[in-house]
Amino acid sequence: MSEMIVSRRAVLAGSGALIFSFSSAAWAQSPAPDANAPGAAALPPPPPLPGSLKHAPFLDSWIRVDADGAITVFSGKAELGQGIKTALLQVAAEQLDANFDRLKIVTADTARTANEGYTAGSHSMQDSGTAIMHAAAQVRQLLIGEAAKRAGAPPERMTTDSGAVVAPNGQRFGYGDLVAGEMLHVQASPQSQLKDPAQYKYLNRRIPRVDIPAKVTGGEAFVQDFRPDGLVHGRIVRPPSYGAVLQSADAAAVEKMPGVIKVVRDGSFLAVIAEREFQAIEAMRALAAAAHWQENAKLPDVAALPALLAGLPSREIKVIDQQRPAPANAKSLSATFTRPYISHGSIGPSCAVAQMQGDALTVWTHTQGVFPDRDAIAEMMRMPKDKVRCIHVQGSGCYGHNGADDAAGDAALLARALPGRPVRVQWTREQELAWEPYGPAMMVKVAAALDDSGKIADWNYELWSNTHSMRPGPAGALIAARYLAEPFPEPKPFAIPMPEGGGDRNSNPIYNFPSMKVLHHFLPEMPIRVSALRSLGAYMNIFSIESFMDELAAGAGTDPVEFRLKHLDDPRAREVVSTAAERFGWSPKPRASTPGHDSNHDSNHGSNIGYGFAFARYKNLAAYCAIACEAEINHETGRARMVRAVAAVDSGQVVNPDGIANQIEGAILQSMSWTLYENVSFDDRRITSVDWATYPILRFSAVPDSMEVHIINRPGLPFLGSGEAGQGPAAAAVANAIANATGIRFRDLPITAERIKAAIGV
Amino acid sequence: MKLNVNKAQHDVDADPHTPLLYVLRDDLKLNAAKFGCGLGQCGACTVLVNGEPVFSCVTPIALLEGKAITTLEGLGTEDKPAPIQQAFIEAQAAQCGYCIPGMMMRAQALLQKNPRASDAEIRAWLEPNLCRCGTHMRILRAIHRAQRIMTTAQRGEAG
């Protein structure tokens, strides 16, 4: 790709206005549901309440206290393996002043919990954690008030301790004894009497996760493990390619196979139900062999993707338009970056169980959004929403919109075909990798000018991307719905507005550039199925920005960390950057961690070891994360490996430091895998990366020797989501380390061994 | 046919070419071994057969009569966790946790043979198993912790 010094052209001063209004996008990776869209939830105009209390203001939507003192916390967010159940329980126990062990949590169930949209966008602590924090504090005040009445003492003289209100004379009133009738069925107030962070017992503590013991002892932990009585097994026969039409499928022989209950066909939706699981698998294989399809797909040339993207019709979205004339003699650099389609690649393929009883349908699903998925399923089934219940049960990690919702739709259709029996649909590995909606391919072009002092005087950034959310609500978001005899159309793609953003998430640099222009070329046409993948466009934008920052630092003759600090005003950002650099032992001449590695060069060019640094604040409104890393290059194979990484993160008030560390460690390794290996492949008709041989990901031989995560706690400050904060910085840190080692800048993802080997010419 | 699973004999009424995974999960209602790929590429289904790790998703039960099959459930329980389970809990070595039982069984096979396996040996041994959440650092820490627990327990028994 091109790196070139271009002559400076005059740039007109911009308007200085952000184009997007900062309306609070309701949920996570999606904007507020369109009230006219099918399946949109009708939400009342939100009162000014904290977090998700805006949408579910009653205290007993969040906290219930039983007569025996047991406390149940309710959240519309789902456990995805990020530890949210434990973190929310910590928040509730803290503000209730109750024993952690007496608390239980119920999550994401359309019949029982608040509608909190999707569990996505690193919003769970911000939305649900904040709601529960305030609800718990207000419940505590109600309990204090009731106890004060009974004790005949003023409320301000009452204290709480381990699930009881204590009167000045030492008399204890257990919470269970105090709650009566509708006492907690009251609307929350905007203000709460929150505990002083200095008194915290449960926040910023490494409370062991409540979900882990079952997971390491064979407990029923996943929807895949859910086996209600009478369970039968469904398998889907997917078309061989997008849009293929089923011509014929001779089901007679399949229906005679052992255990087969029925073959289900509706248009081009084809499936089989059998009594036992392996019978269903064998029947699926036979049915697939008997099916004849007319294939229509015309997929683009994967090798020509950047040109293809740039050639698609686009809608221009001005993210930032604040350009001023750059100084004369400015030194200009430009570069182009690309990323391919990337798979979520859940280790457990999607699964769901559904049961039709009378006119009511229940679906157990690992969707990230039980309410929107319920809406999509109800529309597809032409059922009233209140007759469809979706209950979240954990699945394998999803990292965004994988096949979960689609599998729930599949199970719903099969449950209708076999009323009364619970039907379990389990996708195959090949179906998951071929049919999930991928993280979209993207292209970025960036140009910047350096002034005489070595600071960035002008920044001009353009990105090309499809949408990053094709999630349900609408029925047409489900694969099955698009293949029925009476199909539902694929919904129209939309651009998630900033400040959250979709493809343009984190395209607005956090740095204090005096002149900036950021343009998003939104591409409505989607040649490959796409949707939300962990961090959306932030992964690519941070990879591009932070790679280019290193190129500019080199152009300015400045150390990359120092160069970033020169352009950062936010003290929290500066502290995260400095902490990661210090803990890593960063210096303009960093020394290799392993003795024997050559470390006495100004750069490590030509060596097999390099150092890289990167930083971002996720969405410029969530967690701050800086990562320093060391990478080694194998000159025989071209293979790059991250040797060690040190991260620093500021997530605001820390709830569970080990939970944050786990998320950041995971983000670094997953992002490293995307960055070094991953690329959805296809020919002119079919997806060809359909298993772990054709879609290789990180294995243990490439795992770093060491990794550290340093967490900066901010007592009393708002929770900042940290689940996606590491994706972008990890990618750029690795790329910068590879550039540092080889002297060659890799701007096309993934940075594979083949590409490195070809570039270093060995 | 008869299968010996977790030291108990089970009469299994399934076609002999059925992969072990489905018999464990559906007939014996054991949750730990997971379906990940059905291709022997990811290790989520790993169990022990005569102490060796096998991919249960591609191993037909016809091959297993008279052999000792061990699943994660056979090692310990929530109340009485085995060293490897205790170690994974203490190290909080899970994110989604779907791959973890397979990781634990593969590690268990190594530690049974070689409790003092080096870090490099452990990494090489785990190569067949995939984790998508990026929990690898914790999985390694948990296995080292399990080694320490096992060694301490042995010393305790010896003393």
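Student: In this predicted model, which strands of chain A does α1(A) lie across, and at about what angle does α1(A) run to β3(A)?
Tutor: Helix α1(A) lies across β1, β2 and β3 of chain A. Taking the direction of β3(A) as the reference, α1(A) runs to that strand at about 130 degrees.

Student: Which are the edge strands of the open sheet that contains β1, β2 and β3 of chain A?
Tutor: The 3 strands form an open sheet in the order β1-β2-β3, with mixed pairing, and neighbouring strands are turned by 20 degrees against each other on average, direction ignored. Within this sheet, 3 bridges join β1(A) to strand β2 (residues 71-75), the two running antiparallel, and Arg64(A) stands opposite Thr72(A) in β2(A). The edge strands each pair on one side only, and they are β1 (63-65) and β3 (103-107) of chain A.

Student: Are α1(A) and α2(A) roughly parallel or oblique to each other?
Tutor: Helix α1 (residues 84-96) and helix α2 (residues 124-151) of chain A have their axes 7 Å apart and pack at an angle of about 25 degrees. Angles under 35 degrees count as roughly parallel, and α1(A) and α2(A) are therefore roughly parallel.

Student: How many nonpolar residues does the contact of α1(A) with α2(A) have?
Tutor: The crossing of these two helices is right-handed, and the contact draws on residues including Leu88(A), Val91(A) and Ala92(A) of α1(A), with Ile132(A), Met133(A) and Ala136(A) among those of α2(A). Sorted by class, the contact has 4 polar residues and 1 charged residue, while the nonpolar ones number 12.

Student: What angle does the direction of α2(A) make with that of β5(A)?
Tutor: The sheet in question is open, with 3 strands in the order β4-β5-β6 and antiparallel pairing, and its twist averages 30 degrees from one strand to the next. In this sheet 3 bridges join β4(A) to strand β5 (residues 164-166), and Val165(A) in β5(A) is the bridge partner of Thr160(A). Helix α2(A) packs on the sheet, touching β4, β5 and β6, and its direction makes an angle with that of β5(A) of about 50 degrees.

Student: Are α8(A) and α9(A) roughly parallel or oblique to each other?
Tutor: Helix α8 (residues 370-381) and helix α9 (residues 404-417) of chain A pack at an angle of about 40 degrees, with their axes 10 Å apart. The roughly parallel class holds angles under 35 degrees, and the roughly perpendicular class runs from 65 to 115. The angle falls in neither of these ranges, and α8(A) and α9(A) are therefore oblique.

Student: How many charged residues does the contact of α8(A) with α9(A) have?
Tutor: In a right-handed crossing, residues of α8(A) including Asp373(A) and Ile377(A) meet residues of α9(A), among them Asp405(A) and Arg416(A). The contact has 6 nonpolar residues and 1 polar residue, and its charged residues number 3.

Student: Which residue in β20(A) stands opposite Leu463(A)?
Tutor: Strand β19 (residues 456-465) of chain A is mostly covered, with 9 of its 10 residues buried. It pairs with strand β18 (residues 442-450) in the antiparallel sense over 9 bridges, whereas β19(A) and β20(A) pair in the parallel sense over 7 bridges. In this parallel pairing of β19(A) and β20(A), the residue opposite Leu463(A) is His520(A).

Student: Is Asp504(A) buried or exposed?
Tutor: Asp504(A) is found in the loop between α11 (479-483) and β20 (516-522) of chain A. Leaving aside residues up to four places away in sequence, Asp504(A) touches several residues, including Leu463(A) and His520(A). A residue needs 20 or more other C-beta atoms within 10 Å to be classed as buried, and because Asp504(A) has 31 C-beta neighbours inside 10 Å, it counts as buried.

Student: Which helix gives the most to the side of chain A that touches chain B?
Tutor: In the contact between the chains, 48 residues of chain A meet 49 residues of chain B, and those on the side of chain A divide into 19 nonpolar, 17 polar and 12 charged. Helices α4 (212-215), α6 (277-290) and α15 (657-677) of chain A each supply at least two residues of that side. With 8 residues, the helix that gives the most is α15(A).

Technical notes. Residues numbered from 1 in each chain as written. Chains lettered and ligands numbered in written order. Predicted model: local features only at pLDDT ≥ 70, side-chain atom pairs only at ≥ 80, totals over all residues. Axes fitted to C-alpha atoms, helices over the stretch in contact; angles between N-to-C directions. Helix = DSSP H or I, 4+ residues; strand = E, 2+ residues; numbered from the N terminus. Parallel < 35°, antiparallel > 145°, perpendicular 65-115°, else oblique. Left-handed = near helix turned anticlockwise from the far one by under 90°. Contact = placed C-beta atoms within 7 Å. Nonpolar A, V, L, I, M, F, W, Y, C, P; charged D, E, K, R; others polar. Pairing = 2+ DSSP bridges. Buried ≥ 20, exposed ≤ 12 C-beta atoms within 10 Å, placed from the backbone.
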